[in-house]
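Q: I have a protein model open on my screen and would like to learn how to read it. Could you take me through it step by step?

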Amino acid sequence: MIEKVCLDLAKYAFHKLPTGGDEAFYKLLSQSTLHTYEQDGHLTSMVVDTHFNVYFQGQVVPMSGIGYVASYPEYRGNGGASKLITESLQVNYKNKTIFSYLAPFSYGFYGQFGYQYLFNQKEYEIAATDFPKGKQTDLLAKRLSFTQAKADLAIIHQLADNNGSLYRGEFEWDYYFSFKKQPHFAVFYEDALPKGYLIYDFSGMAFIIHEMIYLNEQAKDTVYRFVSSHAGAFEKIKYTAPDNTLLEQDMQEPSRAKISLLPDMMARIVNLSAFLERFPMKEAKQFTITDALLPENNLVFGEGEAVEMTISEFTKYVMRDVILREYF
């Protein structure tokens, strides 16, 4: 079975089990296209292309998530992985996929395929006693199982600022929180309506925030109060957040926190015509776009000042305000 052969390659190439184990890997493949390369009858390289959707400028559009780019060491340099990435982009172009995202092992390597570094993560490490305390509110906090929380998590996530982030359907919620990881969940209600949630975990004496979303100031206070109520049991709080997060502005002593901006994922426009159908350019510019990998994207459009860009540069231009909410 090709799935089992690819799982063996993933374990060898990355020197560890896939997060969530074998079942999580197989679950991922259920919504993916598997691209493989063989030499002398043996699997040498693979790429997993998972079919996602993302929010962009108020719409939900198709995105190709590239992952598990792997080769056995004795076959590295044979061009297998490069051929598979190119093959994936060509297939997605035909399918009118608008974006492709990936987490790079090398920004330079993926830059040659038109990918552009776009996303950052903001990492906080805070003494538990320094976390914002939050005001007392009338909102109700409920710790729930994933099954109990899922419907309300989805409501809150969909209402949040998600420009650039994953649209989470049934597959995404289940894969990330039933198969890949099993963290804790708290949902916060105002008059029985979900207004915020916290996805969190524990690691030794650290309280780990995976996701923290609130839809109004009262919900923010309630979430903060829930987190800070754990200060007596933990020494520090860690939070890997979207790069537009400003938690430090609510801290009494922000200078004591360790705050780092970490380079994260890359993206590229795959089918430029499909992008322009959904998001026509309104600037007074005439764009000339070149794409060395997908010449179908070599287009001229718009009126006004003449501007020449590669597909990578144009991707950065139109996606300059995106965020990535996902911690996984």
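**Reading the fold and its aromatic rings**

A: Gladly! Let us start with the secondary structure: the protein has 9 helices and 16 strands. Keep in mind that this is a predicted model.

Q: What is the radius of gyration of the protein, and what would a compact globule have?

A: For 328 residues, a compact globule would have a radius of gyration near 20 Å. The protein has 22 Å, which agrees. You can also look at the C-alpha trace, which spans about 60 × 55 × 35 Å along its principal axes.

Q: How many of the residues count as buried?

A: Here 51% of the 328 residues do. As for the outside, the accessible surface comes to about 15600 Å², and carbon and sulfur atoms hold 49% of that.

Q: What share of the contacts with a separation of 6 or more comes from residues 24 or more positions apart?

A: In this protein such residues account for 69% of those contacts.

Q: How far apart are the mean positions of the positive and negative charges?

A: There are 31 positive and 40 negative charges, and their mean positions are 3 Å apart.

Q: Now the rings. What describes a pair of aromatic rings?

A: Two things do: the distance of the centres and the angle of the planes. This structure holds 39 aromatic pairs. Take Phe56 and Phe99: their ring centres are 5.2 Å apart and their planes meet at 70°, so this pair is edge-to-face. To get that label, the angle has to be over 60 degrees.

Q: Where in the chain do Phe56 and Phe99 lie?

A: Phe56 is in strand β2 (residues 42–56) and Phe99 in strand β4 (residues 99–102). Because they are 43 residues apart in sequence, the pair ties together separate parts of the chain.

Q: Are these two rings' residues buried or exposed?

A: Phe56 is buried, with a relative accessible area of 1%. Phe99 counts as buried too, at 0%.

Q: Could you show me another pair?

A: Try Tyr200 and Phe226. Their ring centres are 5.7 Å apart with the planes at 70°, so this pair is edge-to-face. Tyr200 belongs to strand β9 (residues 193–203) and Phe226 to helix α7 (residues 217–228), so to speak of distance along the chain, they are 26 residues apart. Both Tyr200 and Phe226 are buried.

Q: Which residues form one aromatic cluster with Phe56 and Phe99?

A: They are joined by Phe275, Phe279, Phe287, Phe301, Phe314 and Tyr317. Try selecting them in your viewer!

Note on methods:
Residues are numbered from 1 along each chain as its sequence is written. This is a predicted model: local features need pLDDT of at least 70, side-chain atom pairs count only at pLDDT 80 or more; totals for chains, interfaces and linings use all residues. Side-chain values use heavy atoms; hydrogens and water are left out. Helices (H or I, at least four residues) and strands (E, at least two) are DSSP runs, numbered from the N terminus. The radius of gyration is taken over C-alpha atoms; the globule rule is 2.2 Å times the number of residues to the power 0.38. Buried means under 20% relative accessible area, exposed over 50%, partly exposed in between (1.4 Å probe, protein chains only). Contact means heavy atoms within 4.5 Å. Accessible areas come from the Shrake-Rupley method with a 1.4 Å probe; for residues, only the protein chains shown count as cover. Lys and Arg count as positive and Asp and Glu as negative; His and the chain ends are not counted. The place of a charge is taken as NZ of Lys, CZ of Arg, CG of Asp or CD of Glu. Rings of Phe, Tyr and Trp (its six-membered ring) pair if their centres lie within 6.5 Å; planes under 30 degrees apart count as stacked, over 60 as edge-to-face and the rest as tilted.
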